[in-house]
Amino acid sequence: MDERLAAKISLFDKPKTAALILALLIAPYAAAYAADKIDGETAFKTACRTCHSVKEGDNRLGPNLHGIVGRKAGAAEGFAYSPAMDGSFSWDEARLDGFIADPEKAIPGNAMKPFAGIDDAATRKAIIDFLKGA
Ligand code: HEC
């Protein structure tokens, strides 16, 4: 081994110190990577787009979600909702969060199947933030 390199490495001859320094160096990148991973649009595409579009009027297996934050439930024109989605409330962030977390618990008997829900709160928030602008 190159002697100068060997000398540098011996500065870190305590493995714990070396590991700590390495962790400190990597931490900002790891955090950025984690934040990147929960990009709302990507998460929406992964979890919702099979059935939903955010384009106005574009109903698929599920109703279009254009402007869904603040929209009345069960109100997408031309979509045949189940009786459970009776339009008795408007979607706000808290309602959406509960519904995406566990649809069956939030609105029993709804037809959003076989979507089981998203456990991760940060992913749900990222999707809702994306929907706010969609
Ligand atoms: C397997 C298809 C499917 C997937 C996947 C799916 N949905 Fe749905 N979604 C539906 C259907 C069908 C309905 C209508 C439910 C009803 O009529 O009871 C619905 C209804 C909704 C509603 C109510 C809309 C309204 O007009 O009141 C929201 C909000 C919603 N979905 C959000 C989402 C989000 C966000 C995701 C992804 C995290 C998602 N859905 C994933 C099929 C799906």
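**Six helices and a ligand: a short talk**

Let me start with one residue, Phe130, which lies in helix α6; helices here are DSSP runs of H or I with at least four residues, and strands are runs of E with at least two, numbered from the N terminus. What we are looking at is a predicted model, in which local features need pLDDT of at least 70 and side-chain atom pairs count only at pLDDT 80 or more, while totals for chains, interfaces and linings use all residues. Residues are numbered from 1 along each chain as its sequence is written.

Is Phe130 buried or partly exposed? Phe130 counts as partly exposed because it has 19 C-beta neighbours inside 10 Å, and the scale behind that word calls a residue buried at 20 or more, exposed at 12 or fewer, and partly exposed in between, with C-beta atoms placed from the backbone. Setting aside residues up to four places away in sequence, Phe130 touches Gly40, Glu41 and Phe44, where contact asks for such C-beta atoms to lie within 7 Å. If you follow the chain, Phe130 and Thr42 stand 88 residues apart, and yet their C-alpha atoms are separated by 9.3 Å.

Now let me step back to the whole chain. The protein chain has six helices and zero strands, so that, when you read along the sequence, the pattern is α-α-α-α-α-α. Of its 134 residues, 16% count as buried. If we take the contacts between residues at least 6 apart in sequence, 39% of them join residues at least 24 apart.

Next comes the pair of helices that our starting residue belongs to. How do α3 and α6 lie relative to each other? Their axes come within 8 Å and cross at roughly 100°, where an axis is a line fitted to C-alpha atoms, for helices over the stretch in contact, and angles run from 0 to 180 degrees between N-to-C directions. The two helices, α3 and α6, are therefore roughly perpendicular to each other, a label that covers 65 to 115 degrees, with under 35 being roughly parallel, over 145 roughly antiparallel, and the rest oblique. On the α3 side you will find Gly40, Glu41, Ala43, Phe44 and Ala47, and these meet Thr123, Ala126, Ile127, Asp129 and Phe130 in α6. Sorted by class, this contact holds six nonpolar, two polar and two charged residues; Ala, Val, Leu, Ile, Met, Phe, Trp, Tyr, Cys and Pro count as nonpolar, Asp, Glu, Lys and Arg as charged, and the others, Gly among them, as polar.

Just before α3 there is Asp39, in the loop between α2 (15–37) and α3. Asp39 counts as partly exposed because it has 15 C-beta neighbours inside 10 Å. Its C-alpha atom is separated by 8.1 Å from that of Thr123, although the two are 84 residues apart along the chain.

From here we can move to the core. The largest nonpolar core, meaning buried Ala, Val, Leu, Ile, Met, Phe, Trp, Tyr and Cys residues joined through C-beta atoms within 7 Å, has 16 residues, and of these Leu96, Ile100, Ile127 and Leu131 touch the most other members. Helices α3 (40–47), α4 and α6 (121–132) each supply at least two residues of this core, and α6 gives the largest share, four residues. Leaving aside neighbours within four places in sequence, Ile127 is in contact with Gly40, Ala43, Phe44, Ala47 and Ile100.

Beside Ile127 in our discussion I would put Ile128, which also lies in helix α6. Ile128 is buried because it has 22 other C-beta atoms within 10 Å. Not counting residues up to four places away in sequence, Ile128 touches Glu93, Leu96 and Asp97. Ile128 and Val69 are 59 residues apart in sequence, but 8.1 Å apart in space, C-alpha to C-alpha.

Two loop residues deserve a mention as well. Ala76 lies in the loop between α3 and α4, and Ala76 counts as buried because it has 22 C-beta neighbours inside 10 Å. Pro114 is found in the loop between α5 (103–106) and α6, and a cis peptide bond with omega of about 5° joins Lys113 and Pro114.

Finally, the ligand. Which residues are closest to the ligand? Of the 29 residues that surround it, the closest are Cys48, Cys51, Gly62, Ser82 and Asn110, a residue being near when its C-beta atom, placed from the backbone, lies within 6 Å. By class, this shell has 23 nonpolar, six polar and no charged residues, and its largest share, three residues, comes from helix α4 (residues 93–101).

Key:
Two residues are in contact if their C-beta atoms, placed from the backbone, lie within 7 Å.
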